[in-house]
Amino acid sequence: MGSLTSSATTESLSNMEQFLCERLLDHSQPISDRFRALFSLRNLKGPAPRDALIRATRDSSNLLAHEAAFALGQMQDYEAIPALTAILNDLSLHPIVRHEAAEALGAIGLLSNVPLLKNSLAVDPAQEVRETCELALKRIEEMSTADNSDGSSTVERSPFMSVDPAAPASSCSSVDKLREALLDEKKAMYERYAALFALRNIGGDEAVSAIIESLGAHSALLKHEVAYVLGQLQNKAASATLSRILRDVNEHPMVRHEAAEALGSIADEQSIALLEEFAKDTEPIVSQSCEVALSMLEYERSGKSFEFLFMQDPLSQV
């Protein structure tokens with residue numbers, strides 16, 4: 001009986017995997033359902049999920065494509081490096097997708113990724129991509145020096161279960177010093193990111209206030225990461241500033257998109273009303289972000305998981 005049960009489980013997982021891959025790549029499906037498939041696939045290992053995510057990085061939806069690249073970085077899958085390299089080098093792709101490919105290469109962290117990141121740092125026309133390459137290079141450098149002789153690493157794991165683009169600054173730094181570093185436009189981007197993640201890990205009103213203040217930074221890359229962190233923290237004190245960013249059509253789409261997702265995480269009544277309004281935005285990265293955020297909220301309120309459940313019949317999930 002044991003082998004029969006094991007065989008049935010394996011077949012069920014294989015069917016679900018196939019279903020998820022097909023759903024991710026099916027352009028006839030709503031963007032929210034394709035994101036459900038994406039979020040489910042990033043929790044799986046193996047060639048089929050990886051290949052589906054790689055194909056999704058070339059999707060006509062820049063939002064989905066960039067999220068697929070992000071997922072490959074979070075999975076830290078070495079086999080994805082050639083595809084991520086090709087994305088980073090393809091200047092015809094939207095900067096938000098190239099940026100995410102660079103971040104993913106930094107998350108994977110191999111020293112062999114250094115030359116191509118240095119090349120993009122020198123030649124990519126988009127500032128947000130160049131700044132991401134700078135971050136990725138510093139992260140790889142830190143990882144290489146933090147590795148122990150036994151193959152383990154002393155790099156601190158995020159309490160939010162994410163592979164962050166920078167290690168948090170020293171835990172002995174005060175909130176005031178971290179705030180000063182985060183807001184200092186003259187500091188290197190990696191130092192500002194390190195301060196951001198340290199403040200996130202500290203939490204509390206003062207730390208959150210400092211993070212919110214940094215949404216006035218010049219760098220679109222930094223502001224988009226700040227909005228992402230505020231979404232992780234789900235602190236309602238950020239709602240007004242995030243709402244202002246989402247409303248600002250002159251703001252970089254990658255910042256508005258992260259503001260929308262963060263508002264979805266905060267999920268107060270005003271945030272939901274704003275997401276419904278901007279689900280009709282003329283910028284697809286923004287409108288689709290609002291659509292996905294609203295769908296996630298709907299599933300949470302109904303007590304269901306936004307991700308597809310692996311052990312159930314795929315047809316029951318449609």
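These legends accompany several close-up views of a predicted model.

**Figure 1. The overall fold is built from 16 helices and zero strands.** Start here to get your bearings before moving in. Of the 318 residues of the protein chain, 52% count as buried. Take contacts between residues at least 6 apart in sequence: 68% of these join residues at least 24 apart. The whole structure holds 13 salt bridges, and a few of them get a view of their own below.

**Figure 2. The largest pocket has a volume of about 990 Å³.** Its lining counts 38 residues. Those nearest the centre of the pocket are Arg42, Tyr228, Gln232, Glu261 and Met296. To follow the wall by helix, look for α2 (31-41), α4 (62-75), α6 (95-108), α12 (220-233), α14 (253-266) and α16 (284-301), each of which supplies at least two residues of the lining.

**Figure 3. Glu128 is a buried acidic residue with no salt bridge.** You will find Glu128 in helix α8, which covers residues 127-146. The nearest side chain of opposite charge belongs to Arg98, and it is 6.7 Å away. A salt bridge needs a nitrogen and a carboxyl oxygen within 4 Å, so the distance of 6.7 Å to Arg98 does not qualify. What Glu128 does have is a polar contact of 2.9 Å between its side chain and that of His252. Beyond its neighbours within four places in sequence, Glu128 is in contact with Pro95, Leu221, His252 and Met254.

**Figure 4. Arg23 and Asp33 form a salt bridge between their side chains.** The N to O distance is 3.5 Å. Arg23 sits in helix α1 (residues 2-25) and Asp33 in helix α2, so this pair ties together parts that are 10 residues apart in sequence. Both partners are worth checking for burial: Arg23 is buried, and Asp33 is buried as well.

**Figure 5. A salt bridge joins Arg58 to Asp90.** The closest N and O atoms of the two residues are 2.7 Å apart. This pair links distant parts of the chain, 32 residues apart. Arg58 belongs to the loop between α3 (47-56) and α4, while Asp90 belongs to the loop between α5 (81-89) and α6. Arg58 counts as partly exposed at 42% relative accessibility, and Asp90 also counts as partly exposed, at 22%.

**Figure 6. Arg192 and Glu185 meet through their side chains in a salt bridge.** Here the N to O distance is 3.1 Å. The two ends of the pair fall into separate classes of accessibility. Arg192 is buried, with a relative accessible area of 2%, whereas Glu185 is partly exposed at 36%.

**Figure 7. Gln76 and Ala267 are two non-glycine residues with positive phi.** Most residues other than glycine have a negative phi, so these backbones deserve a close look. For Gln76, phi is near 55°. Gln76 is found in the loop between α4 and α5 and is partly exposed, with 28% relative accessibility. For Ala267, phi is about 60°. Ala267 lies in the loop between α14 and α15 (269-278), and its relative accessible area of 23% makes it partly exposed.

**Figure 8. Ser289 reaches a backbone oxygen with its side chain.** The oxygen in question is that of Ile285, at 2.6 Å. Ser289 is placed in helix α16 and counts as buried, at 0% relative accessibility. Setting aside neighbours within four places in sequence, Ser289 is in contact with Leu63, His257, Ala260, Glu261 and Pro284. If Glu261 looks familiar, recall that it is among the residues nearest the centre of the largest pocket.

**Figure 9. Gly231 and Ser265 have C-alpha atoms separated by 5.5 Å.** Along the chain, the two residues are 34 residues apart. Gly231 lies in helix α12 and is buried, with a relative accessible area of 11%. Not counting residues up to four places away in sequence, Gly231 touches Ala262 and Ser265. Helix α12 may be familiar from the pocket view, where it supplies at least two residues of the lining.

Conventions:
Residues are numbered from 1 along each chain as its sequence is written. This is a predicted model: local features need pLDDT of at least 70, side-chain atom pairs count only at pLDDT 80 or more; totals for chains, interfaces and linings use all residues. Side-chain values use heavy atoms; hydrogens and water are left out. Helices (H or I, at least four residues) and strands (E, at least two) are DSSP runs, numbered from the N terminus. Buried means under 20% relative accessible area, exposed over 50%, partly exposed in between (1.4 Å probe, protein chains only). Lys and Arg count as positive and Asp and Glu as negative; His and the chain ends are not counted. A polar contact is a pair of N or O atoms within 3.5 Å; within protein, one must be able to donate a hydrogen and the other to accept it, and residues adjacent in sequence count only if both atoms are side-chain atoms. Contact means heavy atoms within 4.5 Å. On a 1 Å grid over the protein atoms alone, a cavity is a set of points where a 1.4 Å probe fits but cannot get out, and a pocket is an open set with protein on both sides within 12 Å along at least five of seven lines; lining residues have an atom within 4 Å of a point. Grid points are joined across faces, edges and corners, and a volume is the space filled by probe spheres set on the points.
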